[in-house]
Amino acid sequence: MAKVEIYTWRACPFCVRAKALLDRKGVDYTEYAIDGDERAREAMAQRTGSGRRSVPQVFIDGQHVGGCDDLHALERGGRLDPLLAG
């Protein structure tokens, strides 16, 4: 199983949707709740490779896959399960 990491803000509806998708799929993930932590947000943005500062940001096996809409698009396209399989 792949290592999944997600950067979130606790009250973010897009974060809730992304985590709900992962939960429905039975995925164990590490959540980094970065509410108001500007240093953590900057580190996340650098890690994306494109400077994305919005949340959530999802990484699978260290690869940046994007935010909530990106995660759901992978699911709709049948490309999420292979990534999660590792």
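**Sheet and helix packing**

In this predicted model, Ile6 sits across from Val58 of strand E3. Strand E1 (residues 4-8) and E3 (residues 57-60) run antiparallel, and four bridges hold the pair together.

Zooming out, the sheet is an open one with four strands, ordered E2-E1-E3-E4, and its pairing is mixed. The edges belong to E2 (29-33) and E4 (63-66); each has a single partner strand, so one side of each is left without a neighbour in the sheet. From one strand to the next, the twist averages 25°.

Two helices pack on this sheet. H1 touches E1 and E2, and its direction makes about 160° with that of E1. H2 (residues 38-48) touches E1, E3 and E4, with its direction at about 55° to that of E3.

H1 (residues 13-24) also packs against another helix, H3 (residues 68-76): the angle is about 30° and the axes lie 9 Å apart. With angles under 35 degrees counting as roughly parallel, that makes H1 roughly parallel to H3. The crossing, as H1 passes H3, is left-handed. On the H1 side, the contact is made by Phe14, Arg17, Ala18, Leu21, Leu22 and Arg24; H3 brings in Cys68, Asp69, Leu71, His72 and Glu75. Sorted by character, the residues of this H1-H3 contact come out as six nonpolar, four charged and one polar.

Definitions and conventions: Residues are numbered from 1 along each chain as its sequence is written. This is a predicted model: local features need pLDDT of at least 70, side-chain atom pairs count only at pLDDT 80 or more; totals for chains, interfaces and linings use all residues. Side-chain values use heavy atoms; hydrogens and water are left out. Axes are lines fitted to C-alpha atoms, for helices over the stretch in contact, and angles run from 0 to 180 degrees between N-to-C directions. Angles under 35 degrees count as roughly parallel, over 145 as roughly antiparallel, 65 to 115 as roughly perpendicular and the rest as oblique. A crossing is left-handed if the near helix is turned anticlockwise from the far one by less than a right angle, and right-handed if clockwise. Contact means heavy atoms within 4.5 Å. Ala, Val, Leu, Ile, Met, Phe, Trp, Tyr, Cys and Pro count as nonpolar, Asp, Glu, Lys and Arg as charged, and the others, Gly among them, as polar. Two strands pair if DSSP finds at least two bridges between them.
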